[in-house]
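Work through the exercises below with the sequence and the 3D view side by side. Try each task before you read its solution.

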Amino acid sequence: MIHKFKAKGLNILLDVNSGGVHLIDDVTYDLLDHAQPPFEEECPTKYIDALKTDYSEEEIKESYADIVALYHDKLLFSEDIYGDFANTAVESPIKAMCLHIAHDCNLRCKYCFASTGDFGTGRKLMPLEVGIAAIDFLLEHSIGRENLEVDFFGGEPLMNFEVVKEIVKYARSKEEEYHKNFRFTITTNGMLLTDDKIDYINEEMSNVVLSIDGRKEVNDRMRVKVDGSGCYDRIVDNYKKLVEKRGDKEYYVRGTYTKYNLDFSEDVMHLYNAGFDQVSVEPVMEDESVEYAITEKDLDQIYAEYDKLVDQIAEIKDNGGSINFFHFMIDLDQGPCVIKRLRGCGSGNEYVAITPDGDIYPCHQFVGHEEYCMGNLEQGTFNTGIKKEFAGAHVYSKPTCRDCWAKFYCSGGCNANNYIYNGDIHDAYELSCKIMRKRLECAILSQVRDMLK
């Protein structure tokens, strides 16, 4: 399988199975509309006839010879070997956990998938005993895994920060006994950040996610306090202080764009100019009936914004600056590992979420969907049937993914989005797919342009 596209005056060719990326001339680009394996030794007359209006016979034959050579070198139309690994995609030890430390929030973000923090289950905080039981569960179910990840999530985790600290303390006390290394992450809206919390987070958290949508008017339209006022002025200085103190440890600011800010490249640049060089801005996923929802009609503008970002980021780098826009970060050197390419985040299999009541779900976005509750810590239950179902959710079990050129980079999309919007974790959500494919083309383009410098 191949995928080719034109961008910024370049003809780019991706060999899907090998991951090889080639820059090609116009004649090769057009010839690939016709030339497919199996290849003959000499260029067939039908190909020459199809292109002779635009190219000479010599150009066409030379291009055909190059295509055949790349094919024999397994760099073009290479064999799909990943299906063999998909068939062995079995249940794995759990290595990561999302702790819903707070089903409560001091913001009322209008697009919140978690029903403004309580996931539709009532506002509550996770008791310490549930957090400790969750760590014990992870230790028990991570046999063979040395490195474990725990993400403190909400709602707003800082509303239950003393319990966060006690859970970290407990987990650290078990590392030597169980021969484990814990890596902690926290996601915050920044409203309760203080100097002491910043210092603790920078000491104990390997990564921190800072929620902000970009420009003040954009952020404050959707990310509002209980009284309806915006939060930008309160959080942006807190974030700057945290990042300044953080040094070289990982962080990123994470925003959401909606129909209200389809010019989201301006928000990315605003965040960069505010001092944040690790930026992620995601499209909202919502039913089309919702006023701020993104629809098919918005795609052309969204695509144009990603194209604009390619140039903006290139300009930053050309001027000696540095920015990581997460959706343009792509590994063209045969990474990540095969299993991650096939299954993505590992939700429901390698990764689970725990609620304040100790209920277990495949990930944070499944919380509240009782049909996917995997068990409960207090009751000692764990549905391995659901775990097996998610272990089998990969790009070859999703019909729309199997023949998609982007499958090894998006890994079949988000299982939660697939379920919420299509009713089946194996049925990829096409609107999300279209945006993802554009982002991937821009990511490939961005790296190709870097290599040409």
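**Exercise 1. Find the residues with the most contacts inside the largest nonpolar core, and the helix that gives the largest share of this core.**

Solution. Start with the term. A nonpolar core is a set of buried Ala, Val, Leu, Ile, Met, Phe, Trp, Tyr and Cys residues joined through side-chain atoms within 4.5 Å. Buried means under 20% relative accessible area, exposed over 50%, and partly exposed in between, with a 1.4 Å probe and protein chains only.

The model is predicted: local features need pLDDT of at least 70, side-chain atom pairs count only at pLDDT 80 or more, and totals for chains, interfaces and linings use all residues. Residues are numbered from 1 along each chain as its sequence is written, and side-chain values use heavy atoms, with hydrogens and water left out.

Now the core. The largest one has 123 residues, and F152, Y306 and I354 have the most contacts inside it. Its largest share, 9 residues, comes from helix α17 (residues 430-452). Helices (H or I, at least four residues) and strands (E, at least two) are DSSP runs, numbered from the N terminus. Another core lies apart from it, with 20 residues, including I24, Y29, F39 and L51.

Next, zoom in on I354. Contact means heavy atoms within 4.5 Å. Leaving out residues up to four places away in sequence, I354 touches M97, C98, L99, H100, M126, V130, A134, D359, I360 and L377.

**Exercise 2. Give the strand order of the open sheet of 11 strands, then describe the surroundings of β4.**

Solution. Two strands pair if DSSP finds at least two bridges between them. Strands of a sheet pair through backbone hydrogen bonds, either parallel or antiparallel.

Step one: the order. It reads β12-β11-β10-β9-β8-β7-β4-β13-β14-β15-β16, and the pairing is mixed. At the edges stand β12 (324-325) and β16 (381-382); each has a single partner strand, so one side of each lacks a neighbour in the sheet.

Step two: the partners of β4. Strand β4 (residues 96-100) runs parallel to β7, joined by 5 bridges. Here C98 stands opposite D151. Strand β13 (residues 351-354) also runs parallel to β4, with 4 bridges. There L99 has I354 as its bridge partner.

Step three: burial. In β4, 5 of the 5 residues are buried, so the strand is largely enclosed by the rest of the structure. Both faces are covered: A96, C98 and H100 lie on one side, M97 and L99 on the other.

**Exercise 3. Which residues does V281 touch, and is V281 buried or exposed?**

Solution. Locate V281 in strand β11 (residues 278-283). It is buried, because its relative accessible area is 1%. Its contacts, not counting residues up to four places away in sequence, are G255, T256, Y257, F264, V268, Y306, F325 and H327. Now check a distance: the C-alpha atoms of V281 and S211 are separated by 9.8 Å, with their positions 70 residues apart along the chain.

**Exercise 4. What surrounds E156, and which side chain of opposite charge is nearest?**

Solution. E156 sits in the loop between β7 (147-153) and α6 (161-178). A salt bridge is a side-chain nitrogen of Lys or Arg within 4 Å of a carboxyl oxygen of Asp or Glu. Lys and Arg count as positive and Asp and Glu as negative; His and the chain ends are not counted.

E156 is buried but has no salt bridge; R223, the nearest side chain of opposite charge, is 6.7 Å away. The side chain of E156 does reach the backbone nitrogen of L158, at 3.0 Å. Beyond four places in sequence, E156 touches A102, D104, C105, N106, T187, T188, N189 and G190.

**Exercise 5. How many salt bridges does the whole structure have, and which parts does the R215 and D263 pair tie together?**

Solution. The search finds 27 salt bridges. In one of them, R215 meets D263, with the closest N and O atoms 2.9 Å apart. R215 lies in the loop between β9 (205-211) and α8 (216-222), and D263 in the loop between β10 (252-257) and α10 (265-273), so the pair ties together parts 48 residues apart in sequence. R215 counts as buried at 15% relative accessibility, whereas D263 is partly exposed at 29%.

Definitions and conventions. A polar contact is a pair of N or O atoms within 3.5 Å; within protein, one must be able to donate a hydrogen and the other to accept it, and residues adjacent in sequence count only if both atoms are side-chain atoms.
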